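Please open the model in your viewer and keep the selection tool at hand, since this tour moves from one selection to the next.

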Amino acid sequence: MQNIIQVKFKEQRKGYYQNPEQYPIRVNDFVIVEAEKGEDLGVVKFVGLPPNHLLSENEALRRVLRKATDADLVRSRSNRMLEKKAFETCRQKIVTHSLDMKLVGCEYQFDGNKITFYFTAEKRVDFRELVKDLAAEYRTRIELRQIGVRDEAKRLDGYGVCGRRLCCSSWIDQFAPITTQAAKEQNLPLNPNKLAGLCGRLKCCLMYEREFYNQAIGRFPELAKEITTDKGRGTIIKIDIFHDTITVKYPNNECEVLPLAEAQDKVYKCQNDCGHAHGNREDLTAALGEA
């Protein structure tokens, strides 16, 4: 699998390519690869296949043509300048054609055989006249690609409320469906302002952290269950998986934080072995004694 490399292009676009000529390629090298019609330039982000990544049987990989030269990099920088002008030109033409769409990005293919414009829109947009106008202006193949708001956030990049770079921009290759069920399982309040990322959709971390939270929460008693402690009978109102503690509230409104180990000594595990504790061990002992 060392003959396969992952290449990243402008606008956070990524793809896998084969290296049949066995070029000595390393991470962060610039390479020229086959494009749909022509050549494209990108930077190597991974040599081989990332762990747990499988290629589909029908996925035909394009080839690495060569390592990029200094002249190639100069041309690539020239393309970046042309993209800025093309972006502004396209934005003005969108206004001229009165199209309800938001231009997000522009990408020149390395050899100039294609210009791709990325946009977002609430509804379907008839941009056929815009494409004709742009093709007449640039005399090359024009592609207008509609993307979603999550793709837009990925391209713009930024930092989340956690202080880290956006997951979609830094390492996520493909978006997975995200539901509020993932937030419920993590005992998070269903507050849209808290659960939404910069894109306005549910945060990606809700899904890829789901398995970890399910395993961690499985060690704790369920919320709102009663537990008998040295201070009497109370209700579990909060669990803290990072500090392995639970918070118990008593009828006099007093709250007490207990270590998870102490709570586990006072509760018994469900007979169905569902991973949660459901009752006081004292109650279970009494029930078994009566039986």
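The stops below begin with a strand pair and continue with salt bridges, all in a predicted model.

Begin by selecting residues 102-108, which make up strand β6; six of these seven residues are buried, so the strand is largely enclosed by the rest of the structure. Add residues 114-120, strand β7, which runs antiparallel to β6 and is joined to it by six bridges. Within this pair, Leu103 can be found opposite Phe119 of β7. Then move to the hairpin that the two strands form, where five residues lie between them and Gly112 takes a positive phi near 75°.

Stay with β7 and select Lys114 together with Glu36, whose side chains meet in a salt bridge with an N to O distance of 3.9 Å. Because Glu36 belongs to the loop between β3 (30-35) and β4 (38-47) while Lys114 sits in β7, the pair ties together parts that are 78 residues apart in sequence. Lys114 is buried, at 9% relative accessible area, whereas Glu36 is partly exposed, at 49%.

Next, select Asp72 and Arg66, whose side chains form a salt bridge at 2.4 Å, N to O. Here Asp72 counts as buried, with 8% relative accessibility, and Arg66 counts as partly exposed, with 29%.

For the last pair, go to Asp157 and Arg165, which form a salt bridge with their closest N and O atoms 2.9 Å apart; Asp157 is partly exposed at 28%, and Arg165 is partly exposed at 35%. To finish, return to Glu36 and Lys114 and add Glu143 and Arg145, since salt bridges with shared partners join these four residues into one network.

Note on methods: Residues numbered from 1 in each chain as written. Predicted model: local features only at pLDDT ≥ 70, side-chain atom pairs only at ≥ 80, totals over all residues. Heavy atoms only, no water. Buried < 20%, exposed > 50% of the residue type's maximum accessible area, 1.4 Å probe, protein only. Helix = DSSP H or I, 4+ residues; strand = E, 2+ residues; numbered from the N terminus. Pairing = 2+ DSSP bridges.
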